[in-house]
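Reader: Hi, could you walk me through this one slowly? I would like to start with a single strand and then look at the empty spaces.
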Amino acid sequence: MKRPLTAAAVVVALALIPAGCGNERPESARSVTTSGPTAPAAKPACSMATPAPVAPDPALDLSTEPVIPKPEGDPPCALIVEDLKEGTGPAATPQSIVNVHYVGVSWSTGKQFDASWDRGQPIEFPLNRVIKGWTAGMTGMKAGGRRRLVIPPELGYGPEGQPPDIAPNETLVFVVDLLGVTDQPTQPAMPPAPVTPAPGTPAPTATLGATPATGHGDGH
């Protein structure tokens, strides 16, 4: 029995059809050779309106996974930072290592694309090694708090996105629990290198801070 061509085999076969076959050349073969690069996705409309402030809830339970409702309307043009619960621990800086639980959804669909809760444990990473919206949005947040971030494409994954989970020019919505903050270790300062005198330069006659000799000379 003859085996059917796979989709890949069909594409290869069409691409190998000679260009000089005139009207006998299939339309599909012409489309294979004339198709150009895919145009970048257009950036969706965004809103310059400032959302109504959200009052933090000190009784919010961080042991419960947050639920993010589907966003409505146009996404904001700028980064939105909302404290759902204010922490009382140390504040994060761009150089901090943070320990977090989070949920992330796409603004356009409301579908979750990632969540540390699904893996059963929080994640730890340097705050200056993530997308710009996280670095800017988490800076100043105190450990023990929960924060909502709405990140425009320019501070997220931009026109490329992260297919198939994050579409091009997608606005991202995160709810982040900051569980711990530590400082990244700094490199100790290196002592200055000793200065080697140039050839022919006389050696110094005394060392700075040295105690002068008290001998009486002539062996006495």
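Author: Let us begin with strand 2, residues 96–106, keeping in mind that this is a predicted model. Strand 2 is mostly covered, and 11 of its 11 residues are buried.

Reader: Okay, and which residues point which way from strand 2?
Author: Ser96, Val98, Val100, Tyr102, Gly104 and Ser106 point one way, while Ile97, Asn99, His101, Val103 and Val105 point the other way, and all of them are buried. In a regular strand the side chains alternate between the two faces of the sheet.

Reader: What does strand 2 pair with, and over how many bridges?
Author: Strand 2 is joined to strand 6, residues 172–183, by 11 bridges, and these two strands run antiparallel. Within that pairing, asparagine 99 of strand 2 stands opposite glycine 180 in strand 6.
Author: Strand 2 also pairs with strand 4 in the antiparallel sense, over 4 bridges, and there valine 98 stands opposite phenylalanine 125.

Reader: And how many bridges are there between strand 2 and strand 3?
Author: Those two pair over 3 bridges, again in the antiparallel sense, and the bridge partner of valine 105 in strand 3 is glutamine 112. Strand 2 and strand 3 form a hairpin with 5 residues between them, and glycine 110 in the turn has a positive phi of about 75°.

Reader: Switching to the empty spaces, how much space lies in the largest pocket?
Author: The largest pocket holds about 220 Å³ of space. Its lining is made up of Tyr102, Phe113, Asp114, Ile123, Phe125, Val130, Ile131, Trp134, Tyr157, Ile166 and Phe174. Tyr102 is a residue we have already met on strand 2, and Phe125 is the one that stands opposite valine 98.

Reader: Which strands supply at least two residues of that lining?
Author: Strand 3 (112–115) and strand 4 (123–126) each do so. By class, the pocket lining divides into 10 nonpolar residues, no polar ones and 1 charged one.

Reader: What about closed cavities, how many turn up?
Author: A search of the whole structure finds 1 cavity of 30 Å³ or more, and the largest cavity has a volume of about 50 Å³.

Reader: Which residues line the largest cavity, and how do they split by class?
Author: The lining consists of Lys43, Pro44, Ala45, Cys46, Pro75, Pro76, Cys77, Pro152, Pro153, Glu154, Asn169 and Thr171. Sorted by class, that gives 8 nonpolar, 2 polar and 2 charged residues.

Definitions and conventions. Residues numbered from 1 in each chain as written. Predicted model: local features only at pLDDT ≥ 70, side-chain atom pairs only at ≥ 80, totals over all residues. Heavy atoms only, no water. 1 Å grid on protein atoms, 1.4 Å probe; cavity = no way out; pocket = protein on both sides within 12 Å on 5 of 7 lines; lining within 4 Å. Points joined across faces, edges and corners; volume = space filled by probe spheres on them. Nonpolar A, V, L, I, M, F, W, Y, C, P; charged D, E, K, R; others polar. Buried < 20%, exposed > 50% of the residue type's maximum accessible area, 1.4 Å probe, protein only. Pairing = 2+ DSSP bridges.
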